[in-house]
Each structure stands twice: as structure tokens, then as C-alpha cells.
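Here's a quick briefing to read with the model open beside you. It walks through chain contacts, domain contacts and a few individual residues.

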2 protein chains.
Amino acid sequence: MFELKARDGLGRIGLLHTKHGDVETPVLLPVINPNQMIISPQEMKEYFKAKMVITNAYIIYKNEELKKKALESGVHDLLNFQGAIMTDSGTFQSHVYGDVDVDPQEIVEFQRKIGSDMGTILDIFSEVDDDIEKVQEDMKKTIQRASKATEIKGDMALACTVQGGNFPKLRLDCSKELSSLDCEIHPIGGVVPLMEDYRYKEVVNIIIASKRGLLPSRPVHLFGAGHPMFLGLAVLLGCDLFDSASYAKFAKDGRMLFSDGTRKLEEIVELPCSCPICSKHCVDILTEMHKNGDYKAIAMHNLYVTFAEINRIKQAIYEGNLWEYVEKGCRAHPNLLSALKALRHHKKYLERFETISKSSAFFYTGPESMHRPIVYRYEKRFFDRYQHPKTRVQVGFDEGNRPYSRFYKKEIDKILDVCDAHFIVNSVFGPVPIELDEMYPIAQSIIPDELEPETLDRMRRLMERHSHRGLFELAVMYDGDETLQFLTGMGKGGTFDIDMQRVKSVADMQFGSGAADVLIKGEVELVKSKRTGKIRNVISEGKHVLSMRASDGLFTLKEEGARRLHRGFSAPGLRVVVEEDSVQFNREGKNVFAKFVLDCDKELRPMDEALVVDKNDELIAFGRLMMNREEMLAFNRGIAVKIREGFDKKE
Amino acid sequence: MFELKARDGLGRIGLLHTKHGDVETPVLLPVINPNQMIISPQEMKEYFKAKMVITNAYIIYKNEELKKKALESGVHDLLNFQGAIMTDSGTFQSHVYGDVDVDPQEIVEFQRKIGSDMGTILDIFSEVDDDIEKVQEDMKKTIQRASKATEIKGDMALACTVQGGNFPKLRLDCSKELSSLDCEIHPIGGVVPLMEDYRYKEVVNIIIASKRGLLPSRPVHLFGAGHPMFLGLAVLLGCDLFDSASYAKFAKDGRMLFSDGTRKLEEIVELPCSCPICSKHCVDILTEMHKNGDYKAIAMHNLYVTFAEINRIKQAIYEGNLWEYVEKGCRAHPNLLSALKALRHHKKYLERFETISKSSAFFYTGPESMHRPIVYRYEKRFFDRYQHPKTRVQVGFDEGNRPYSRFYKKEIDKILDVCDAHFIVNSVFGPVPIELDEMYPIAQSIIPDELEPETLDRMRRLMERHSHRGLFELAVMYDGDETLQFLTGMGKGGTFDIDMQRVKSVADMQFGSGAADVLIKGEVELVKSKRTGKIRNVISEGKHVLSMRASDGLFTLKEEGARRLHRGFSAPGLRVVVEEDSVQFNREGKNVFAKFVLDCDKELRPMDEALVVDKNDELIAFGRLMMNREEMLAFNRGIAVKIREGFDKKE
């Protein structure tokens with residue numbers, strides 16, 4: 001019922017199919033209180049283009065009149081809303097009041113009967129201070145209830161909520177158990193008390209632990225987290241659905257939501273907002289209205305801001321700068337900054353979902369940027385995959401605090417004047433061999449001209465680690481004019497060919513160690529763009545094996561390139577294995593759908609070039625991945641590989 | 001014509017008096033092109049509550065029809081706008097087209113004749129790459145023209161533009177010269193090429209150099225800088241007026257302004273904005289309209305966003321968190337981050353304008369926060385003013401990476417169990433003696449629980465500097481259980497009285513070295529709040545000398561306190577000297593207006609407690625400063641000191 005449309009980080013634009021239409025995620029579901037609709041569902045649709053709302057089945061169930069009406073004509077008629085409706089079960093009420101008076105099976109059945117598009121189990125809300133034994137026991141009960149609920153859900157999509165208190169290990173266990181059940185969506189429950197205490201770091205750890213255990217093909221709903229302040233971070237970590245009751249609750253208290261926090265009416269002099277409410281009114285009028293018990297305008301503001309925040313996040317996903325957006329947003333509160341800093345402990349996991357390149361440049365926002373998965377990937381691949389060329393003169397630059405692009409170009413020209421040298425420069429990403437300087441994200445980055453000691457230290461550490469590998473045996477560290485004089489003494493006559501080296505080094509970095517040897521052999525011709533002078537095509541032994549993309553300096557595979565990689569790398573390297581049913585389609589150049597994928601190299605990443613093989617490892621096509629391994633194994637919908645070319649059987 | 005209403009950093013809410021009404025600053029003046037009003041001035045008023053616009057007198061002057069109409073019925077009728085109108089002179093056109101065909105005197109006279117509320121001289125726009133000789137020559141000419149313009153300005157307010165190219169020293173010189181002229185406002189000119197190239201650091205250096213030379217009583221207009229991205233930083237540095245032609249120019253090109261940058265229509269999938277335009281339309285409709293030549297909606301969006309940004313900044317000034325707001329906003333682009341980092345070189349200047357305390361807490365947003373003027377002030381005062389108490393046991397805490405509040409409380413209790421000790425703890429602000437822990441900003445701060453090496457290094461450096469002063473002769477550095485055992489050996493029986501020490505140390509930190517000895521003597525009684533246990537009043541020798549504010553842990557002066565400080569500190573210490581005309585009013589408890597101030601202690605800061613004396617140094621009143629020295633000497637309007645109590649002559 002869920003498919004991927006676009007992605008950044010663990011964040012994704014998804015399409016949720018419901019009985020009442022498709023809903024794009026990330027999505028905010030306004031909470032409709034059937035007893036008190038301050039903004040009606042129709043208005044939600046009219047003003048905020050809401051396609052989905054959430055209401056509480058327990059409240060309907062406990063009110064004789066509402067219950068009767070809902071059972072007779074369904075929840076959509078009750079709310080007078082023909083979009084998708086999710087229902088909650090009373091779990092949150094059990095947290096607030098200590099207990100609820102309803103049978104866990106009955107409330108699921110009730111949700112089905114009233115025609116909820118998505119019903120929720122009655123999970124046990126573990127409290128933040130509960131000890132591990134108590135939480136474990138609750139969790140067991142939640143899983144049992146979830147399991148029973150799957151038997152009676154009928155055609156209603158079922159939401160099975162992850163619990164596990166403040167114990168990431170239990171969250172992981174719970175997620176794994178729930179993943180094995182036949183259900184459609186996983187809320188993460190029990191985080192409201194942490195959110196209310198600004199304990200964002202703990203929420204982040206809970207989200208990541210849950211995501212690790214859940215199937216990436218199922219949407220995740222972060223229950224009760226509708227404050228615009230936290231949405232960006234939650235989406236970056238893979239949450240897809242949010243609900244907000246705050247828009248109304250806060251409005252009643254005279255509190256206005258903003259993407260940088262909450263403000264009480266009496267704290268506001270100038271409305272810091274451009275929404276239709278704030279553009280029209282001044283704060284005195286809103287205060288007056290609130291005093292008279294009319295807080296609808298404030299509730300409207302709260303929704304305008306929250307819906308706009310969702311749009312801002314979606315736009316950031318499309319632009320490929322969700323990391324930047326979140327890093328900036330997390331400066332709104334020191335506890336958000338703490339949460340952001342905690343992400344560095346999860347970068348190995350996060351890297352698996354990070355695309356190979358993005359359409360927007362890498363913006364440095366602070367030392368936290370150096371812990372993004374894309375930076376971790378460069379560092380790892382550089383030390384694992386990069387092959388140092390054997391040339392006579394190697395020069396290492398190590399002037400930590402000046403950004404590469406502006407500074408080195410001049411110095412490098414000076415040295416190239418006296419000899420053919422191979423350069424390694426010290427960038428914020430780590431050591432960058434000069435031939436990798438067009439590869440994403442090296443060239444596609446904007447770095448401030450003054451850097452924090454934390455980043456400078458990291459740069460020095462990586463440069464040192466590199467030179468300690470013994471790769472600098474022949475090298476001189478650049479040290480101003482003295483080095484230059486020494487090099488002048490050595491004179492010209494090296495054999496360093498930067499174009500050839502670029503092709504080889506990028507191939508190794510992109511496809512893995514040894515790729516260059518496999519792909520580029522015999523007589524090699526490099527076709528360059530006449531306009532930019534950049535490498536376009538790589539012809540080896542008369543065959544077109546690779547094309548280099550100007551946008552990110554990475555390769556697109558060509559037929560012969562795919563064949564060579566297939567011969568040169570043994571399974572499962574660089575491969576996606578598809579079912580027999582799919583083979584003929586892919587041979588004909590049609591895309592690989594996730595449901596036909598049997599396996600995939602776990603080193604491949606979204607947007608990577610990959611080989612498509614059948615289960616006998618026969619090469620049938622090649623193309624570009626839309627998903628990583630765990631995603632294509634989990635999803636039943638959507639494209640796993642966009643095929644560039646298929647191979648005819650006969651060949 | 002300008003007065004202060006509220007302040008934060010060098011940012012200020014001001015009131016600009018014009019012939020067509022009062023205008024609150026910071027303010028955005030939409031540029032009205034008299035040839036092409038895509039949004040009319042009346043609409044500016046209706047939709048954006050604009051009270052002031054700017055138009056180009058040169059364009060009117062060069063168009064016979066417009067010129068005639070303007071001379072006949074005035075510029076207000078020409079634009080059909082009865083609010084305040086500023087006019088520009090053609091300088092920008094000379095930058096764009098190389099030259100303009102108008103006499104510098106004539107264009108000023110023309111502006112006066114058409115009834116401009118604020119006319120601008122025809123200054124010489126120095127280009128960014130001009131050499132220093134050329135710029136100096138241009139600057140001389142600009143100053144000459146300004147000087148001549150003052151003679152013919154009549155009742156029109158005159159804007160004398162600061163030039164000086166990309167040379168901060170020349171900007172300072174030019175500002176000083178212009179300050180001596182009879183004019184009302186100072187634009188800073190010639191920064192557009194830098195803004196267009198994202199060279200924000202250089203713009204910041206130009207603004208600060210200009211501000212140093214200008215009178216703080218005159219509003220500053222940053223010419224051509226209307227992008228919402230840069231407004232916060234510019235206001236923080238003391239810019240008051242902005243103009244925007246971009247709203248229309250960008251709209252025509254299909255570009256939308258946002259507070260984090262500019263986006264082309266074709267780059268947008270989801271409109272990341274809550275303004276009335278974006279809430280109503282989707283991007284496809286805006287694109288369609290733009291294709292058909294209708295870009296008014298986009299221009300409206302651009303203005304909604306920019307006006308909202310001004311409101312956001314004003315609200316931040318009222319809240320006292322403009323620094324936080326700007327630090328966050330500067331993560332929108334690495335070059336803004338560079339500009340932010342450059343502020344650390346100006347903190348000595350910035351500190352002079354920083355209030356003593358604020359109503360909102362200090363939020364840590366990154367290592368840059370440690371270069372705010374308030375942090376510099378704490379550090380400076382601690383090392384200059386703080387007197388170490390003479391007690392038997394002194395304990396220094398130095399566990400850098402844990403925030404004070406959460407960690408130390410428990411440890412301190414352990415030690416207090418075994419002896420009466422005096423504590424110095426290592427906070428992000430530097431060493432904090434335990435008795436200063438309720439003083440702003442120490443207690444009123446929220447710090448993430450993980451800190452960058454840059455901040456940790458700073459903390460260590462300051463703690464070391466402190467211990468090297470020899471103040472730790474008797475001290476033990478806390479080192480877990482071992483220290484505790486050692487202290488147990490020493491036993492109880494110290495004489496450290498934290499309440500008394502708090503009163504003394506805060507007095508010294510707030511009023512200067514020696515203040516405690518002057519204020520607190522003989523028998524001392526401390527009256528505490530029954531509810532919070534915090535010190536409320538300080539009674540010395542039976543007289544109420546000080547009250548401690550619960551909000552910021554600082555003192556409010558009482559009559560006897562003022563008398564003692566006056567006797568104990570010689571002039572000009574802690575004093576504001578007023579003219580004879582003001583004396584009787586102030587004795588009666590009426591506020592001191594800036595225009596009556598003869599001099600002021602240059603160590604006093606806005607919101608400081610101060611003594612008011614006549615020119616014979618007789619104490620006539622005491623109160624709270626609204627301005628620092630240079631402001632009260634410059635302003636002709638507004639309150640310099642809010643008097644708490646005046647002293648009757650007879651006493």
C-alpha cells in the first residue's frame with residue numbers, strides 16, 4: 001500500500017494507497033475531535049488541502065450517540081469527510097487516565113466496522129520511567145494484541161504500534177516482531193512525554209532503533225509529534241506520518257506554533273509569520289478574539305505553519321538538501337542540537353540509505369555536517385577503494401584551514417610548472433587526490449572560509465592516517481617555496497596523466513577496488529566535451545564502456561562496461577538478482593520492479609549503477625538503483641532498478 | 001527624527017518621525033517604479049501595512065511627463081500614497097550605466113521640490129574592484145556633495161550615503177566625516193555587487209566599520225539589501241532601513257524569495273511557504289501565470305516573505321534572542337556562516353551596546369555562541385572584577401564536557417556534606433564561582449549536553465587562566481572520591497557563607513571592583529523570598545541598599561545603595577551627568593532625557609543601574625540606563641535613564 005517517489009537521507013516522498021484515495025507522505029493528519037470540531041474536516045480540505053485526517057475511535061465508541069451513527073453510516077459520514085481517515089484506539093487515553101475500558105479486540109473490530117481506512121491496535125503505552133521488566137512485559141502484550149488484530153482486520157489497513165519505552169534495544173526487538181505480522185503501517189508510540197520535556201535525543205534514538213527493526217516498505221507514523229520544530233528531523237530519520245492535536249489544544253491555551261518553537265500570545269509583539277491569518281491580523285486582534293473564546297484563527301495559524309513545514313521538508317527532499325535543512329532547523333533549541341549531534345553514532349546505518357549523488361550542492365553548516373553519511377562514505381571508500389598511482393613526484397597539501405578550491409588552484413599551477421606531479425589535497429572531506437576533485441560531493445560543495453577546530457582536527461587526522469599508509473613514500477609535503485625549489489631540481493618528465501587517472505580512480509571509488517583494471521584496458525580513448533574540456537566518454541579497445549556525468553563526476557554504465565564488470569566481479573558484487581518472471585521484461589529494457597527482486601549486493605546504494613542478473617548469474621540488463629538492498633527486498637510496489645539497457649538472450 | 005524603543009545587539013526597534021507619519025524600524029521600503037507599478041503603493045499599504053516606500057527621483061526627473069506632474073502636485077500624489085516616501089538620487093543608475101546625466105545639487109533640490117520626505121544625495125558609487133586611490137577620491141567627492149546638499153535640503157530629511165568601497169578604514173573615515181554634517185539618515189551604499197556575489201563577510205565588515213563612525217542616533221539604511229536571507233544579520237549590526245526592488249525584479253524572472261535563499265519556479269515542487277499566495281495556489285498555477293506574463297502573485301509572495309522576515313526580526317528583538325535567531329539563520333548558506341564567524345573580531349565594539357540582561361534565556365547554537373558579546377563580558381568582568389573569597393577550602397571543578405547544572409549539583413552536595421567549601425565550576429561561560437550561578441546569563445542558559453572541541457578548549461583555557469592567577473593556592477581540583485576523602489580529613493568548620501558571598505560577588509561583577517566593600521558593611525541582613533528561598537533584599541546597618549531580581553540575579557539599586565556607591569566611587573564611575581535644566585525634574589523622579597545628558601561613565605551599559613549627578617557631581621537621582629554613553633550623547637530624543645528615585649535638594 002506504500003511506494004517510494006523521492007528520497008533524501010532516510011526521508012522519503014511516498015505514496016500511501018487507501019480506500020479513499022492516494023495520500024502523499026510525509027503527511028500531517030490533523031486530529032479531528034468528533035465532539036468538538038473547531039476546524040471541520042471539510043475546512044481541512046479546503047484551506048490546507050488535507051487528504052487524510054485522524055480521529056479517535058475510542059471517543060466515538062464511548063459515546064452512545066456517535067457510536068450509533070458511526071456504526072450506521074460509517075466514520076466518513078460521521079465526520080463528513082470523504083478523504084482517508086485513520087483512527088486511533090484509546091491507547092493515549094490509557095496513558096492520560098491510567099486505563100481505558102475497552103477490549104483490545106473489540107476496538108479493532110469497531111474500527112473496521114465503522115469503515116476506518118487505517119485502524120490502530122490498542123497497544124500498551126509504556127511510560128518513560130517504567131523499568132525494563134515492566135516495559136518488556138507491556139511490549140509482549142502489545143505484540144500479542146497486534147498478532148490477534150491481524151486476524152480480524154479484514155480489508156482495513158492495520159497500524160501496529162512499536163512500544164519499548166525508553167529502551168532502544170526493546171524498540172528494536174518490538175519492531176522486528178511486529179515486522180513479521182501482516183499489517184500495513186507502524187506507528188511509534190509512547191514518545192509524547194519525551195517530546196513534552198524536549199528530550200529530543202532520546203526520541204531520535206527511539207526512532208532509529210525502531211527503523212532498524214521495521215520493514216522499509218511500511219510507512220512509519222510518529223504518534224503525537226506534530227510540532228513543526230521536530231518534523232524535519234523526524235522525516236530525515238524515516239518517519240512518514242504525523243498527527244497534530246496541538247493545533248487546537250495550543251490554540252485554546254493561546255499558544256501559537258512556529259517552526260522554531262511555541263509562543264504565547266502575550267509574548268508576541270510582532271507576529272513572526274506570513275500565513276494568511278498573521279498577514280491579515282495583528283496580535284492584539286488575535287488576543288481579543290482569544291479572550292472572547294474564539295481561538296479558531298489561532299488554530300488556523302497553527303495548521304498553516306505546520307502544513308507549510310511539511311511542504312518545506314518535501315521540497316528539501318526533492319532538492320536533496322534535507323540534511324542541510326535539518327542541521328539549520330536544529331539550532332532552534334539546544335536540545336535539538338544535542339539530538340542532531342547524536343546522529344553521528346548512527347552514520348553507518350544511515351549511510352546505507354544515502355543516495356550516491358544529489359542534485360544540490362553540499363552546504364557546510366557546522367562541524368555536524370562532517371558527520372553526514374555522505375562524508376562517512378567518502379572517507380570509507382577513499383581508504384578502502386582508492387588506489388594510489390605510481391608516479392615519480394607526489395605532493396601532499398596540508399594547509400588545513402583554507403578551502404581547497406580557492407587556494408590550491410594557484411599553488412598547484414606553480415608546481416605543475418616545474419614537474420608532472422600527483423596531488424593530494426586536504427579538504428573537509430579528508431584527503432582528496434586531485435583527480436577526484438570533480439566527483440560528488442567534492443566539487444559540489446560550498447564550505448565557509450573559516451572552519452571550527454573540530455573540523456580542522458578531523459582533516460589533519462585523516463591526512464595523517466593517509467600518509468601513514470606509506471603511500472607518501474615518494475611524496476613531499478608542500479611547504480611553500482622550499483618545496484618548489486626542491487621540485488625545480490627534479491625537473492619535468494613525470495608520467496602522471498590526470499585524465500587517465502581520473503577515469504581509473506573514479507571507477508574504483510564508484511564500483512569498488514579493481515573496477516578500473518576490469519573496465520579500462522588495452523588502448524583507451526577519452527572523448528572530452530569540446531565546450532568544458534571535461535571527460536565525456538571512455539572508449540577501451542574500441543568499445544564505449546563508460547560515460548562520465550558532468551553534474552556529479554560519476555559514471556553511467558554502458559553495455560560493454562556492464563559486461564566487463566560482470567566478468568570481473570564475482571557474485572553478489574554489483575548485482576541485483578531477479579526472479580524468472582522478470583527476466584524477459586528486463587532483457588527488453590523494462591524496469592525491474594521491487595517485487596521481482598530475489599537479492600542484491602548489500603554494498604549497492606540508491607542511485608548506484610548495477611548489473612541485473614537471473615538466478616544463474618546470467619547478465620540480463622543493467623541500470624540505476626532506486627532502492628538499496630533491504631528496500632527492494634521489502635517493497636512490493638515500485639521500481640527497484642531503472643534499466644538503461646537489456647541484453648537479448650541470443651547474444 | 002529617530003528614537004529608540006527596544007534593542008538587542010546593535011539591533012533596535014526605532015521610531016522614525018517623518019512629515020507623513022511615524023514609521024517603526026527596522027522597516028522594509030518597497031521600491032516603487034513610477035513607470036511600472038506591479039503592486040501599487042495603496043496595495044503595499046493594504047496587504048503589507050507598508051507605511052513608507054521608496055521611489056527613484058532620477059527616473060521621475062528624466063521623464064518629462066512624470067517630472068511635470070511631480071513638480072505640480074508632489075511625489076505623494078504622483079504615487080497616490082500619503083505615507084512617508086523616500087527618494088533615491090540616481091547613484092545606482094550611475095553604477096549600472098556608468099554615469100548619470102544630472103547635477104548633484106539639482107537632483108537634491110528636485111527631491112525637495114517634489115516633497116520627498118527623505119531625499120538622497122547623489123553619492124559616487126565606488127566599485128568593489130576599484131583601487132584605494134580611486135575610492136578615496138570618489139569618497140571625497142561624495143562628502144563634498146553631501147556637505148553642499150545640507151545647505152539646500154530645506155525641511156526635507158537628508159540621506160547622506162556612506163561610501164568607501166571595500167575598504168573598512170575608508171568606510172570609517174567617510175562615516176565620521178558625514179556624521180559632522182547636518183543630515184538625518186545614513187545609507188550605506190555600494191554593497192549590492194558584494195551581496196550578489198554572496199560576499200557577506202565583506203558586507204559585514206563594511207557595516208561595522210560604518211557603524212563605528214556614524215552617530216547611533218541616526219538611522220542607517222543598507223541600500224539594495226532587501227533579501228530576507230541577510231536582513232537578520234544586518235539588523236543585528238544596527239541597520240534600520242532596507243529597500244527591496246527584488247520582489248518585482250525576481251518575480252519577473254520567475255524567482256521566489258525565501259528566508260533561506262532564492263528558488264526558481266522550475267526548481268519548486270512543493271511551495272515551502274505559508275503565505276496567502278502559497279497557501280492558495282500550487283506551483284503549477286504560479287508557473288502558468290508567469291508564462292502568461294502575470295507575475296504579480298510571485299511579487300506578492302516575495303513581499304509577504306520579506307515583510308514577515310522583518311516581523312520575525314522585530315519579535316526577536318523584543319524577546320532578546322536576536323543573536324540566537326541570526327546564528328540559526330546564518331546556516332542557510334556557508335558564506336553567511338563565514339560572515340557570522342567574522343563577528344568575533346568585533347566583540348569588543350559590540351559589547352558596548354549589549355544590554356546587561358535579557359528576558360529570554362541564552363540558547364547555545366554552536367561554538368559561534370561563545371563569541372557573543374555577553375559571553376565576552378562575563379569573561380572580562382570575571383577576570384577584572386571578581387574577588388575570590390578567603391575560605392579554607394576551595395574546590396575547582398574541571399570536567400569540561402558536562403553542563404554545569406545537571407552534573408555538579410550532586411557532586412557539590414557530596415562535598416558540602418563533609419566541609420564548607422567554596423566552589424568554582426567550569427561552565428561554557430568560563431569559570432563560575434558557585435555564588436554567581438543565579439546571575440544572568442549563567443542560570444538563564446540552555447546548553448546542549450555534547451559540546452564541540454572548540455568550546456571545550458575555550459573552557460579549559462579559561463579555567464587554566466583562572467587557576468594560574470594563584471587564586472587556587474588553597475584549592476583542590478575535584479577528582480572524584482580521592483578529593484572527597486581528603487576533604488573528609490579536613491572536616492567541617494569553614495566559614496564560607498554562600499548567601500553573603502553571592503551578594504558581594506554579584507555587587508562586584510555588576511558595579512565594579514570594590515562595590516561590595518562600599519555597599520555592604522556593618523551588620524548585614526539578607527531578606528529571602530519565603531517561596532523560593534532566594535535573596536530578595538540586602539539590609540546593611542539597618543538600611544535597605546539593594547534588591548536582587550529573581551529574573552536575572554542582578555541588583556536593583558535602593559536609595560542608600562545609590563548614596564554609598566556615589567561616596568565610594570569617584571567620578572565618572574557609574575555616573576550620568578545631566579544639564580542644569582534637567583536637575584529639578586530628575587530630583588522629582590522624572591526620567592532623564594538623552595538631550596540633557598552631558599556625560600556618562602563609558603563602562604556603563606544599557607539596562608545598567610546608574611547614578612544621576614549634576615555637573616558638580618552632586619547626586620540627584622538614580623535609575624536604569626536605556627542607552628550607553630555614545631547613544632545618550634548622540635540622541636536628541638528618548639529616555640536615557642529611567643529614574644527609580646530622585647533626591648530632594650534639602651537632604
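A salt bridge here is a side-chain nitrogen of Lys or Arg within 4 Å of a carboxyl oxygen of Asp or Glu. By that rule, Lys341(B) pairs with Glu452(A), with the closest N and O atoms 2.4 Å apart. Keep in mind that this is a predicted model, where local features need pLDDT of at least 70 and side-chain atom pairs count only at pLDDT 80 or more, while totals for chains, interfaces and linings use all residues. Residues are numbered from 1 along each chain as its sequence is written, chains are lettered from A and ligands numbered from 1 in the order in which they are written, and side-chain values use heavy atoms, with hydrogens and water left out.

**Where chain A meets chain B**

- Each chain puts residues into the contact (heavy atoms within 4.5 Å): 55 from chain A and 55 from chain B.
- The buried area, meaning the accessible area (1.4 Å probe) that two parts lose on being put together, summed over both, is about 4,600 Å² for chain A and chain B, and carbon and sulfur atoms give 53% of it.
- On the chain A side, Glu270(A), Lys328(A) and Arg331(A) lose the most area to chain B, together 14% of what that side buries.
- The rule finds 8 salt bridges across this interface, and one cross-chain pair is Lys201(B) with Asp449(A), whose closest N and O atoms are 3.1 Å apart.
- There are also 24 residue pairs in polar contact between the chains, both residues at pLDDT 80 or more; a polar contact is a pair of N or O atoms within 3.5 Å, where within protein one must be able to donate a hydrogen and the other to accept it, and residues adjacent in sequence count only if both atoms are side-chain atoms.
- Helices (H or I, at least four residues) and strands (E, at least two) are DSSP runs, numbered from the N terminus; α14(A) gives the most to the side of chain A that touches chain B, with 8 residues.
- By class, that side of chain A has 22 nonpolar, 12 polar and 21 charged residues, counting Ala, Val, Leu, Ile, Met, Phe, Trp, Tyr, Cys and Pro as nonpolar, Asp, Glu, Lys and Arg as charged, and the others, Gly among them, as polar.

**Back to the 2.4 Å pair**

- Lys341(B) sits in helix α16 (residues 334–342) of chain B and Glu452(A) in the loop between β18 (445–446) and α20 of chain A, so this salt bridge joins two chains.
- Both Lys341(B) and Glu452(A) are buried, where buried means under 20% relative accessible area, exposed over 50% and partly exposed in between (1.4 Å probe, protein chains only).

**The two domains of chain A**

- Chain A splits into domain 1 (2–345) and domain 2 (368–496), with bounds from an automatic or database domain assignment.
- Their C-alpha centres lie 47 Å apart, and the contact takes 8 residues from domain 1 and 6 residues from domain 2.
- About 680 Å² is buried between these domains, with 44% from carbon and sulfur atoms.
- Within domain 1, Trp323(A), Glu327(A) and Arg344(A) lose the most area to domain 2, together 68% of what that side buries.
- The two domains share 5 salt bridges, and the structure holds 100 over all chains.
- Glu324(A) and Arg372(A) also meet in a salt bridge (3.0 Å, N to O).

**Residues to click on**

- Ser126(B) is in the loop between β7 (118–120) and α6 (132–152) of chain B, and it counts as buried because its relative accessibility is 1%.
- The side chain of Ser126(B) makes a polar contact of 3.3 Å with that of Asp138(B).
- Val641(A) belongs to strand β29 (residues 639–646) of chain A and is buried, at 0% relative accessibility.
- Not counting residues within four places in sequence, Val641(A) touches several residues, including Val576(A), Asn591(A) and Leu625(A).
- Arg629(A) and Asp599(A) meet in a salt bridge (2.9 Å, N to O), linking helix α26 (residues 629–634) to strand β26 (residues 597–600) of chain A across 30 residues.
- Arg629(A) is partly exposed at 31% relative accessibility, and Asp599(A) is partly exposed at 30%.
- Lys5(A), Glu24(A), Lys314(A) and Glu270(B) are linked in a network of salt bridges.
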